[in-house]
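I opened this notebook to record what I looked up in the structure. The entries follow the order in which I consulted the model.

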Amino acid sequence: MAVTGLVLVLFLLFHMFGNLKILISVEDFNHYAGFLRTILNPILPGDSFLWMFRCVLLLCVVLHIWSASRVTKQNVAGRGGAGRYSIKKSLSPNNTYAARTMIWSGIIIVLFVIMHLLQFTIAPAAFGNPHDGPDGRAGMVFTAFGNWIFIVIYVIAMAAICAHVSHGFWSAFATLGANVSGLTRKVLRLCSWAVGAVIFVGFLVPPFLIFFNIVGGAN
């Protein structure tokens, strides 16, 4: 769960930086979107690399959910205490609101990812989101975030992701053995909050700037 979680956090950061290109120009964003479909050409034909990358991400998601379900069952069962944390709850980052609601934030994230894929990849036309307009794929983003409903959904989803990451980032490094001292715990907590905050702000800046017509395309 720790390894797959860190892989997914890394993906989120790269995805966020890619999204921010829409703040530069429509051309920059469309070039970035096109580049993703031509990585390793002509060694690999078409968008083969992108599909392999998607398969790896899907595998990470499946393994992450499977691992989380196993850990949850172990914590509930206790197994003689082996599956529970042995440090004092008052001193444990596992006693935070984000930690106690990891399952619920995870469910919100899964539902959001399904909607996000339908909206921008699988069936964009069903959301009134064609990518053959004057702004190309950037136009899909402008259409989506010109609607306040998707802004609200996005804020809820990003809040869940931020909460999930703010605990998961710390927990992953602790699981991998980095939680070796009081100072290290404090550094990991600060880093986890920072990563969560960066993801929250970085993903929400484009939607709000688009919604308030500060950033827009040819339409």
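**Entry 1. The loop between α2 and α3.** I began with P42, which lies in the loop between α2 and α3. The model is a predicted one, and I read every value below as computed from it. I looked up the peptide bond that joins N41 and P42 and found it to be cis, with omega at about 0 degrees. L40 belongs to the loop between α2 and α3 as well. I noted that phi of L40 is positive, near 65 degrees, in a residue other than glycine. I recorded both items since, in general, most residues other than glycine have a negative phi and most peptide bonds are trans. Is L40 buried or exposed? L40 has a relative accessible area of 41% and is therefore partly exposed, as the class of partly exposed residues lies between the cut-offs of 20% and 50%.

**Entry 2. The segment after α8.** I then turned to N213, which is found in the segment after α8 (182-211). N213 is not a glycine, yet I read a positive phi of about 60 degrees for it. The relative accessibility of N213 is 69%, so I entered the residue as exposed.

**Entry 3. The chain as a whole.** I looked up the secondary structure and counted eight helices and zero strands. Read from the N terminus, the order of elements is α-α-α-α-α-α-α-α. The chain has 219 residues, of which 35% are buried. I noted an accessible surface of about 13000 Å² for the chain, with 73% of this surface belonging to carbon and sulfur atoms. Among the contacts with a separation of 6 or more, I found that 68% are between residues 24 or more positions apart.

**Entry 4. α1 against α3.** Next I examined two helix pairs, each described by the angle between the axes and the distance between them. Helix α1 covers residues 2-19 and helix α3 covers residues 48-77; I read an angle of about 135 degrees and axes 9 Å apart. How do α1 and α3 lie to each other? They are oblique, because 135 degrees falls outside the ranges for roughly parallel, roughly perpendicular and roughly antiparallel. The crossing of α1 past α3 is left-handed. From α1, I listed T4, G5, V7, L8 and F11 in the contact; from α3, I listed F53, L57, C60, V61, L63 and H64. Sorted by class, the residues of this contact are eight nonpolar and three polar, with no charged residues.

**Entry 5. α2 against α6.** For helix α2 (residues 26-36) and helix α6 (residues 136-144), I read an angle of about 110 degrees and a distance of 7 Å between the axes. I therefore described α2 and α6 as roughly perpendicular to each other. Which residues make the contact of α2 with α6? V26, F29, N30 and A33 come from α2, and G136, R137, A138, V141 and F142 come from α6. By class, I divided these into six nonpolar, two polar and one charged.

**Entry 6. G168 and G5.** Last, I looked up G168, which is found in helix α7 (residues 148-175). With a relative accessible area of 24%, G168 is partly exposed. I checked G168 against G5, which is 163 residues away along the chain, and read 7.1 Å between their C-alpha atoms. G5 is also one of the α1 residues that I had listed in the contact with α3.

Notes: Residues numbered from 1 in each chain as written. Predicted model: local features only at pLDDT ≥ 70, side-chain atom pairs only at ≥ 80, totals over all residues. Heavy atoms only, no water. Axes fitted to C-alpha atoms, helices over the stretch in contact; angles between N-to-C directions. Helix = DSSP H or I, 4+ residues; strand = E, 2+ residues; numbered from the N terminus. Parallel < 35°, antiparallel > 145°, perpendicular 65-115°, else oblique. Left-handed = near helix turned anticlockwise from the far one by under 90°. Contact = heavy atoms within 4.5 Å. Nonpolar A, V, L, I, M, F, W, Y, C, P; charged D, E, K, R; others polar. Buried < 20%, exposed > 50% of the residue type's maximum accessible area, 1.4 Å probe, protein only. Areas by Shrake-Rupley, 256 points an atom, 1.4 Å probe, with all protein chains shown as cover.
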